[in-house]
Every structure is written in C-alpha cells, then in structure tokens.
There are 2 protein chains.
Amino acid sequence: MNSVSTTPSAACVAKLLLAYDGSEFHGWQVQPGLRTVQGCLMDALCRLVPLDGIPPGAGRTDAGVHARGQVSSVPLPEEALVVRLRRALPRMLPSDILLREIRLEPSGFHARHSARGRRYRYSMLRAPDPFRRRTHWLVQGDLDVDAMRQACTHLLGEHCFESFCVAASVEKGRTVCRVQNAEIESDHEQLQFHIAADRFLHSMVRTIVGTLVEVGRGRRAPEDMETILRARRRSAAGPTAPPHGLSLEEVHYSDTHPSGQRRGEG
Amino acid sequence: MNSVSTTPSAACVAKLLLAYDGSEFHGWQVQPGLRTVQGCLMDALCRLVPLDGIPPGAGRTDAGVHARGQVSSVPLPEEALVVRLRRALPRMLPSDILLREIRLEPSGFHARHSARGRRYRYSMLRAPDPFRRRTHWLVQGDLDVDAMRQACTHLLGEHCFESFCVAASVEKGRTVCRVQNAEIESDHEQLQFHIAADRFLHSMVRTIVGTLVEVGRGRRAPEDMETILRARRRSAAGPTAPPHGLSLEEVHYSDTHPSGQRRGEG
C-alpha cells in the first residue's frame with residue numbers, strides 16, 4: 001500500500017519523529033484488522049487534522065521491529081494545525097508509541113521520498129535476560145567478533161544487495177545501496193551492529209546480521225561477504241536474524257529538508 | 001497458600017536465584033488457572049525432581065512486579081539431583097524467567113524462613129519511553145528530589161509500618177520492620193528508590209513510593225513521614241504506586257546460610 005503524495009493544497013508538512021516498541025505491533029504498515037504503528041498513528045491523527053492519505057514512514061518496519069527514530073509526515077492545509085498536533089497527539093497515542101518531536105517542513109517534504117539515509121541498530125545478547133528479550137536476539141556461545149568486524153568492512157560502499165534481500169521483494173534495478181557505515185560494538189553482555197546506508201532492501205539488515213553471526217561462529221570467512229554480494233541470490237547468504245533485535249534509529253534528510261534545525265515552531 | 005516446610009527426608013536443598021519480567025505473570029504465587037512465576041517454576045521442577053510441596057519464594061511479588069534476585073528453595077532427597085536441575089531447568093523455564101544460579105544448601109534452608117533481609121528497587125521515569133514502560137512508573141512534572149531524600153531518612157531504623165501496608169493483610173503484631181537503607185538515585189531521565197529491610201509488609205514499598213512522590217510534588221513535608229508512621233493507619237499515607245516499577249533485587253541470608261559462598265557444586 002503506497003502513501004499518498006503531498007497534495008498541492010498543503011501549506012506545509014508536519015514531520016513527526018517517533019519511537020516505538022514493536023513487540024505488540026504487526027509492523028509499521030497499516031493492515032485491515034491488525035494493530036500496526038501506522039494504523040494507530042492514523043487513528044489519532046484523523047481526530048485532530050484533515051488527513052489526506054496515509055502518513056508515510058521513512059522506513060517500513062516489519063512485525064516486531066522497533067524504532068527510536070522513525071519519521072512520518074503529515075501534509076497540513078495551514079501551519080496553525082501543528083500547534084494542535086503538538087498539544088494533543090502525544091496523549092492520543094498508545095504507550096508503546098512515543099511522539100519524540102514535531103517540526104514544520106515546507107510543503108514538498110515527504111518522510112520517505114525526501115529521506116537521504118537511514119541508520120539501523122541490531123542488538124544481540126550473549127546470555128539470557130528476561131528484561132531484554134523483546135529488544136535483543138539471544139546469541140550464545142563463542143563469537144569471533146574480530147572476524148565479524150572484518151566482514152563488516154566488505155559491506156562498505158556501493159553494492160548490489162540482492163543476496164541480502166527477500167527474493168520476492170526485489171524491485172527491478174533498485175538493489176544497489178550505498179553503505180556509509182557498518183560496525184559492531186561489543187562488551188561482555190551484548191553485541192550491537194550499526195549500519196547506515198542511503199537505502200535498505202527488505203530484510204537486508206536482518207540477513208546481514210544472520211550472515212555475520214555465521215562468520216562469528218567460524219562457519220564462514222569474513223571474505224565470504226564479497227562472494228555473497230557478487231552472487232546476487234538470497235541463497236548465497238546466511239539465515240535471517242529475528243525481527244525483535246532490529247531498531248530503526250535515525251533517518252537523515254538532505255540540506256533542503258534539514259532535520260537538525262527547527263523551522264516554523266508554530 | 002503456604003509453602004510446605006522442608007521434610008526430614010531431604011538430604012539438602014537447592015537454592016534457586018531467579019530473575020523475571022513480571023509483566024505477563026499474575027504475580028509470584030501459584031493460583032489455579034493463572035500464569036504465575038511459582039506455577040511456571042513448579043511445572044518445570046516437577047518434571048525433573050520429586051517435588052515435596054510448593055517451592056517458596058523469599059518475597060511474594062504481586063502481579064506486574066519484577067525480580068532480579070528472587071530466591072526459591074527446593075528440598076532434594078539426594079545431592080546428585082542438583083546436577084539435573086542445573087542442566088535441564090534453565091531450558092524448561094519460559095523466556096521471561098531466568099535461572100541465574102543454583103546452589104546447594106543444608107537441609108534446613110528455606111527461601112523465606114531463612115531470609116534475613118530483602119532489597120527492593122522502585123524505578124520511575126521522568127519522560128515517556130516506550131521501551132521502559134513495563135519497568136518504570138512515569139512520573140512527570142517537577143519533583144523536589146532533596147525533599148524526597150530527606151523524607152527517606154525518617155524511614156531508617158525500626159518502625160511499625162502499618163500505615164504503609166494494605167489494611168486487610170496486617171498480621172497481628174508483625175508490623176515492625178527494620179529499615180537498613182532507603183535512598184534515591186536520580187538523573188535527568190529517571191529516579192530509582194532503593195530500600196533494604198529485614199522484612200516488608202504487603203504493598204509497603206509501593207505505598208512508601210506513592211507517599212514519597214507526594215513529598216516530591218510539595219503536597220507533603222518530608223517530616224510528615226514520621227507523623228504517618230505514628231498514625232498506624234493506611235489512610236494516613238499517600239497512594240500506592242503501580243506495581244510495574246517495583247523489583248525484588250536481592251535477598252540476604254545469615255552466615256549459617258551464606259549466599260556469597262558456593263557449596264557442593266554438584
């Protein structure tokens with residue numbers, strides 16, 4: 001289901017910065033009869049402002065995937081409406097969705113189309129912890145973190161990521177992503193994989209993580225990442241890591257739609 | 001429902017150190033038809049060792065209350081059975097219960113009767129956070145933390161805590177508790193109240209916290225804690241804070257049942 005573009009009548013666009021615990025959602029995208037983040041957001045928004053289509057999300061998170069920095073956008077016929085959103089929207093959202101910030105953007109702004117980059121984090125835990133079971137994948141046993149870090153370096157730059165994408169969802173000619181950063185933070189309790197790219201294919205981060213863990217277990221060599229990238233088929237890569245370890249951390253916009261600078265505080 | 005004491009046939013007792021996320025349990029204590037921590041523990045234990053009664057808990061946590069250091073005890077007819085428990089029990093517990101440790105204790109050991117002290121933590125959050133909504137009470141607005149800290153000092157020492165106890169559950173002549181420690185850790189994100197005492201009455205920590213927040217809001221003076229203690233009636237104290245901010249952190253045993261020293265590693 002595609003989001004509707006900003007209509008010419010919109011005077012401005014409200015840019016919403018959202019965090020959510022994905023545990024109790026069937027993902028971001030609205031689906032009839034299912035509890036989704038976009039659905040809950042629409043339910044609240046449509047009571048406050050005239051809604052012109054479904055508010056897009058910068059990254060469409062799957063069921064169980066979390067976000068600390070998801071961005072959505074809502075075209076508004078007048079700037080003053082942002083005051084109403086800022087005041088009333090936080091209390092109308094369920095406790096597993098947090099509206100972190102609302103900013104005004106010019107009428108051309110679109111949460112997904114205007115985005116220039118996304119950053120994801122995938123969290124793994126080395127020993128069971130009941131309090132982190134919804135946000136971390138439990139990966140027990142020895143892991144060669146140095147080998148995993150070496151494997152990460154092969155992801156940097158512009159590559160076709162078809163091998164790391166759910167086969168059915170490969171869009172023709174849209175499989176090239178430019179990875180700006182791919183690194184692993186590690187301590188005795190957990191491993192955090194951080195990846196930033198201009199765009200991501202479906203299940204790309206989770207398939208990269210599943211493959212990195214195979215490298216960590218010594219089942220694949222770090223250099224295999226190159227062979228996998230060149231193969232351009234999903235079967236070349238490792239298994240898909242479970243959704244609950246993944247979080248959309250940040251969305252980056254170009255200078256014409258700065259996210260670090262406040263516009264029209266309304 | 002009372003736990004059964006150690007039978008004379010027990011050669012030793014397995015002391016279980018448990019952590020659990022209380023969100024999806026109807027509390028610790030076994031209840032027919034409801035999912036409880038004790039119930040899940042019994043289900044797993046009875047498949048591994050001959051169970052002689054219900055394994056007691058050092059602190060009976062209410063529905064929604066968490067634990068990072070709950071202790072239970074299981075009398076065993078022979079020491080060798082602890083090996084079986086250590087190997088098989090972790091995998092037989094649901095993911096929201098973690099067996100942190102098993103130790104062997106002499107046959108007189110009882111998780112509740114042998115306990116000499118407990119330490120609880122109550123966590124409060126200053127701004128909403130979807131990822132901490134199950135473990136923290138959201139307390140927004142200004143709080144005078146210094147006043148709350150001053151109020152804490154009045155709790156130290158031996159007092160009758162009837163005013164901070166659910167009226168119906170006051171056991172006759174058993175309302176005196178010796179508080180060894182009561183303090184507040186605070187930063188810009190959260191407040192943590194820590195309290196250690198030889199024993200706790202039902203809902204005592206949560207009622208103290210509800211009253212401390214009233215002090216923090218300026219609705220009561222720190223010295224009111226003394227008046228409330230002297231009143232010896234529940235209506236003198238403030239509201240009961242919600243269960244999900246509470247966690248049983250540690251149980252302390254006397255030197256005859258040391259918890260810091262390993263016995264019979266099996």
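Of the 266 residues of chain A, 53% count as buried, where buried means under 20% relative accessible area, exposed means over 50%, and partly exposed lies in between (1.4 Å probe, protein chains only). This is a predicted model, in which local features need pLDDT of at least 70 and side-chain atom pairs count only at pLDDT 80 or more, while totals for chains, interfaces and linings use all residues. Residues are numbered from 1 along each chain as its sequence is written, chains are lettered from A and ligands numbered from 1 in the order in which they are written, and side-chain values use heavy atoms, with hydrogens and water left out.

**Overall build of chain A**

- Chain A has five helices and nine strands, which are DSSP runs numbered from the N terminus (helices: H or I, at least four residues; strands: E, at least two).
- Read from the N terminus, the order of these elements in chain A is β-α-β-α-β-β-β-α-β-β-β-α-α-β.
- If one takes the contacts (heavy atoms within 4.5 Å) in chain A between residues at least 6 apart in sequence, 74% of them join residues at least 24 apart.
- The area that chain A exposes is about 11800 Å², of which carbon and sulfur atoms supply 48%; such areas come from the Shrake-Rupley method with a 1.4 Å probe, and for residues only the protein chains shown count as cover.

**Helix H1 and its surroundings**

- Helix H1 of chain A (residues 37-45) is largely enclosed by the rest of the structure, because seven of its nine residues are buried.
- The buried residues of H1(A) are Val37(A), Gln38(A), Gly39(A), Cys40(A), Leu41(A), Ala44(A) and Leu45(A), and their cover includes strand S1 (12-20), strand S2 (66-76), helix H2 (81-92) and strand S3 (97-106) of chain A.
- At the N-terminal end of H1(A), Thr36(A) acts as a cap, with a side-chain oxygen 3.0 Å from the backbone nitrogen of Gly39(A).

**A buried histidine in a loop**

- His154(A) is found in the loop between helix H3 (145-153) and strand S6 (157-160) of chain A, and with a relative accessible area of 16% His154(A) is buried.
- Leaving aside residues up to four places away in sequence, His154(A) touches His159(A), Pro222(A), Glu223(A), Met225(A), Glu226(A) and Leu229(A).

**Aromatic rings**

- Over all chains, the structure holds twelve aromatic pairs, meaning rings of Phe, Tyr and Trp (its six-membered ring) whose centres lie within 6.5 Å; planes under 30 degrees apart count as stacked, over 60 as edge-to-face and the rest as tilted.
- The pair of Tyr20(A) and Trp28(A) is stacked, because the ring centres are 6.2 Å apart and the planes are at 25°.
- Both Tyr20(A) and Trp28(A) are buried, and together with Phe25(A) they form one aromatic cluster.

**How the two chains are related**

- Chain A is superposed on chain B by a rotation of 180° with 0.0 Å of shift along its axis, giving an RMSD of 0.0 Å; the fit is by least squares on the C-alpha atoms of residues with pLDDT of at least 70 in both copies.
- The two copies are therefore related as by a two-fold rotation axis, and the same surface serves both, since 100% of the contact residues of chain A recur in chain B.
- Arg68(A) lies over the face of Phe131(B), 4.2 Å from the ring centre, and the charged end of Arg68(B) sits over the ring of Phe131(A), also 4.2 Å from its centre; this arrangement requires NZ of Lys or CZ of Arg within 6 Å of the ring centre and within 35 degrees of the ring normal.

Notes: A polar contact is a pair of N or O atoms within 3.5 Å; within protein, one must be able to donate a hydrogen and the other to accept it, and residues adjacent in sequence count only if both atoms are side-chain atoms.
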